[in-house]
Every structure is written in structure tokens, then in C-alpha cells.
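Work through the exercises below with the sequence and the 3D structure at hand, and try each task before reading its solution.

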Amino acid sequence: HHIREALQMITEQGCDYVFSVVRRHQFRWEEVDKKGTTKTSQNIDPCLGKIAYYEMLPEYSVDIDVDIDWPVAEQRVLRFGYFGREENAAVRLFLCKVSGCLTNGQIFTSVSGEDHVAINARDVAGIQMLQRENIEVILMSCVNEPLSRGLLEKVAQLAGCGLWFGEQLNGLEVERLMKEKKLRWDKVAFMGENSEDREILSQVGLNGVPCDSVVADLIAAKYTCQRPAGNGAVREFAEYILMLKKKSLLQVLQEHIDRANF
């Protein structure tokens, strides 16, 4: 209907050319001169006193002026993280909780009394994608989780990765694991799903949560998946890790380009 109404302005109102515009509520400002003596805004009242502007890159700033700005800002946070673009994407180890991340938390009991869980084939493929890029993957759980160790070992075997199982899953245990692997926090990615995971989520270099996790409402995760737990969230986060790795490698290549012989 926009195209139709614009066309009517040509056919019925005699316009030779019509272009689209949109109302903006953003500040309009002018560049500071070389002496730094002028800092002017074109649509703010100068009687407020001494005025200065602080310029930010677009990816770090979203103006909230009208209702539609809220979902726009929300989607940018979901896709790029609360803290903006990741500078360090050299992930060497991916730690993923089983219940609430790789699975949706449901446990099925057979007639014979055996417990079963469902795993999405896309999530398994995501784990394999990381492994092909030399990123180690370890599934994590503890005795407080409802899944038995035997069932967890079957899940890890099916996913083709390692398993960590202990008394408690906390930052201290992860740090011990990192020392064994000779890794720093910034080389580790972690996917969690509840409030008990906040300690680890806040320390690792890269973190992610499924869209239906409780912790997504409690912290500003660096990446919140659009897919829910047990239904492609692990695959989505794996793709995000690999995308950051690719960007990091491209940046390194660009920095080593010989401009003189390009």
C-alpha cells in the first residue's frame, strides 16, 4: 500500500518524483572544528548551559524514542550481545550443560523403568562442527541434576564428546578443569540455563543461553539463542562461535596485508 499511495502522488497529484521519508527524533549535531571551540546541536535548546556531545559507534548505541525502538534494541542485544561485538573469539573449549541446554529438561520413563531423553540431531551436528574446527566440547552435569550418570554417558557417547560429572557445577570446578587443559577464562565458551550458572556465565570469554532459560531474564548474556533448549539452541550457539572465529581470522589476515604490494 505504500508503493500504491506513492504512485498515486505521481499519477493523481502531478509529482514528477516521489521518495520515501521517515520522521526521526534523534539529535542533529554538527562536527567540532579543529580547534575544538564549537560543539553545536541543531535541535536542542542551548539555554541548558554548556553542551557537549559524546560520539559513539552505531553498534553501541540505540536511541529509544518511540515504542518500536524497544524491539529493535532487543533484537540487537539478542544477536550481538549486551556488550557489543566480541573482540576475542579464540574459543578453545566449549562447555555445555546437558539438562536445559542440550535437552529440554524432559525425562521419559519406559515401561521397564528406564529413563530416556531426546536430543536434537541439529545440536549434535553443531557439536561436530566445533570439533572439526579443533574446539573441544565437554558436556556438563552434576549430582543435583535429575539425569543419572549412566544416562549422561550415553548422551555424551551419542553426541561424540566428553562428559564432566561432579558434586557441584560452579566456577571453582570449571577453573580446575581449565588448569588441566592449560586454558584461561577468555578461551572458554559456556552454555548455561539457570540462576546457579551465573557465576560461570559471568567469567567465561563467551557465554550463551537458550531463549527459554530462566537465566536469560536474570543476566545480560553475551548471546541469547532464538531457539529453545533441546531444539537447536546448541547448534545456533555453535554457529555463533564459529562466526566469531571466522571474523577474528579475517581481521588477522587484513592486519597482515602488505598494502604497498596490494
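**Exercise 1.** In this predicted model, find out which residues of the largest nonpolar core touch the most other members, and which elements give two or more residues to this core.

*Solution.* Begin with the members themselves: the largest nonpolar core has 33 residues, and those that touch the most other members are Phe94, Leu139, Met191, Phe237 and Ile241. Next, turn to the elements, where two or more residues come from each of the strands E1 (93-97), E4 (136-142) and E6 (188-191), and also from each of the helices H3 (121-132), H4 (149-159) and H7 (233-255). Helix H7 gives the most to this core, namely eight residues. Finally, look apart from this core, where another core of 19 residues lies, with Met140, Leu169, Phe190 and Ile200 among them. As general background, nonpolar side chains in soluble globular proteins tend to be buried together.

**Exercise 2.** Leaving out residues up to four places away in sequence, list which residues leucine 139 touches.

*Solution.* Working along the chain, one meets Cys96, Val98 and Leu102, and then Ile127, as contacts of leucine 139. Further along, the list goes on with Val155, Ala156 and Ala159, and it ends with Cys161, Gly162, Leu163 and Trp164.

**Exercise 3.** Determine with which residues lysine 97 forms salt bridges, and decide whether lysine 97 is buried or exposed.

*Solution.* Take glutamate 145 as the starting point: lysine 97 forms a salt bridge with it, and the closest N and O atoms are 3.3 Å apart. This pair links distant parts of the chain, since lysine 97 belongs to strand E1 whereas glutamate 145 sits in the loop between E4 and H4, 48 residues apart. Then consider glutamate 193, with which lysine 97 forms a salt bridge whose closest N and O atoms are 3.2 Å apart. Because lysine 97 lies in strand E1 and glutamate 193 in the loop between E6 and helix H6 (198-203), the pair ties together parts that are 96 residues apart in sequence. For burial, the cut-off is under 20% relative accessible area; lysine 97 has 3%, so lysine 97 is buried, and glutamate 193, with 13%, is therefore buried as well. To finish, put the partners together: Lys97, Glu145, Glu193 and Asp197 are linked in a network of salt bridges.

**Exercise 4.** For the salt bridge between arginine 184 and aspartate 186, decide whether each residue is buried, partly exposed or exposed.

*Solution.* The side chains of arginine 184 and aspartate 186 meet at 3.1 Å, N to O. Exposed requires over 50%, so arginine 184, at 52% relative accessibility, counts as exposed. Aspartate 186, at 27%, therefore counts as partly exposed.

Note on methods. Residues numbered from 1 in each chain as written. Predicted model: local features only at pLDDT ≥ 70, side-chain atom pairs only at ≥ 80, totals over all residues. Heavy atoms only, no water. Core = buried A, V, L, I, M, F, W, Y, C linked by side-chain atoms within 4.5 Å. Buried < 20%, exposed > 50% of the residue type's maximum accessible area, 1.4 Å probe, protein only. Helix = DSSP H or I, 4+ residues; strand = E, 2+ residues; numbered from the N terminus. Contact = heavy atoms within 4.5 Å. Salt bridge = Lys/Arg side-chain N within 4 Å of Asp/Glu carboxyl O.
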